[in-house]
Amino acid sequence: FVTMADAPVKREKAVEEVTTLKNKVAEGDEYFAVAHIFASFNDTFVHITDLSGRETLTRVTGGMKVKADRDEASPYAAMLAAMDAA
């Protein structure tokens, strides 16, 4: 008869995935990339990846550029997001 106190304890190791969104390319260097642009009724996302689409170089939304919630989906916020991403 084995109680729970006598049973071996299995501990899972926590795997932490680190995602960095800082510039991986030096300022002024040219780099081939793909710009994924998603415009919805609520926000505009500009996501720039490498050619394979696996590695994120930068990601900016219209909501990150304007303070008012009603301006997140505006063309002005999309323009600011695209300028910041480029």
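In the predicted model, Val60 makes contacts beyond its neighbours within four places in sequence with Thr44, Phe45, Val46, Lys65, Ala81, Asp84 and Ala85. Val60 also belongs to the largest nonpolar core, a set of six residues in which the other members are Val46, Ile48, Leu57, Ala81 and Ala85. At least two residues of this core come from each of S2, S3 and helix H1, the last spanning 75-85. Val46, Ala81 and Ala85 thus appear both in the core and among the contacts of Val60.

Strand S3 covers residues 56-61, and five of its six residues are buried. One residue of this strand is Thr61, which counts as buried because its relative accessibility is 12%, under the 20% limit. With neighbours within four places in sequence set aside, the contacts of Thr61 are Asp43, Thr44, Phe45 and Ala81. Phe45 is also the residue that stands opposite Thr61 across the strands. Thr44, Phe45 and Ala81 are listed for Thr61 and likewise for Val60.

In overall arrangement, the protein contains one helix and three strands, and their order along the sequence is β-β-β-α. Strand S1 (residues 34-39) runs antiparallel to S2, to which it is joined by six bridges. One of the paired positions is Ala39, whose bridge partner in S2 is Thr44. The connection between S1 and S2 is a hairpin of four residues. Strand S2 (residues 44-49) in turn pairs with S3, again in the antiparallel sense, over five bridges. Within this second pairing, Ile48 has Thr58 as its bridge partner in S3. The S2-S3 hairpin has six residues between its strands, and Gly53 in the turn adopts a positive phi of about 85°. S2 is therefore paired with S1 and with S3, as the pairing criterion of at least two bridges is met in both cases.

The loop between S1 and S2 includes Ser40, which is partly exposed with a relative accessible area of 29%. Ser40 and Ala73 are separated by 33 residues in sequence, while their C-alpha atoms lie 7.2 Å apart in space. Over the whole protein, 31% of the contacts between residues at least 6 apart in sequence join residues at least 24 apart.

A search of the whole structure returned one salt bridge. Its partners are the side chains of Lys65 and Asp84, with an N to O distance of 3.0 Å. Lys65 is located in the loop between S3 and H1 and Asp84 in helix H1, so the pair ties together parts that are 19 residues apart in sequence. Side chains of opposite charge can form such a pair when their charged atoms come close. Both partners retain some accessibility: Lys65 is partly exposed, with a relative accessible area of 33%, and Asp84 is partly exposed at 43%. Lys65 and Asp84 are also both among the contacts of Val60.

On the surface, Tyr76, Met79 and Met83 form a nonpolar patch with about 350 Å² of accessible area together. Met83 is a residue of helix H1 and counts as exposed because its relative accessibility is 56%, over the 50% limit. Helix H1 thus holds Met83 and also supplies at least two residues to the nonpolar core.

For the protein as a whole, 20% of the 86 residues count as buried. The exposed area is about 7,600 Å², of which carbon and sulfur atoms supply 55%.

How values were computed. Residues numbered from 1 in each chain as written. Predicted model: local features only at pLDDT ≥ 70, side-chain atom pairs only at ≥ 80, totals over all residues. Heavy atoms only, no water. Buried < 20%, exposed > 50% of the residue type's maximum accessible area, 1.4 Å probe, protein only. Contact = heavy atoms within 4.5 Å. Areas by Shrake-Rupley, 256 points an atom, 1.4 Å probe, with all protein chains shown as cover. Core = buried A, V, L, I, M, F, W, Y, C linked by side-chain atoms within 4.5 Å. Patch = residues over 30% accessible without salt bridge, like charges linked within 9 Å, V, L, I, M, F, W, Y side chains within 5 Å. Salt bridge = Lys/Arg side-chain N within 4 Å of Asp/Glu carboxyl O.
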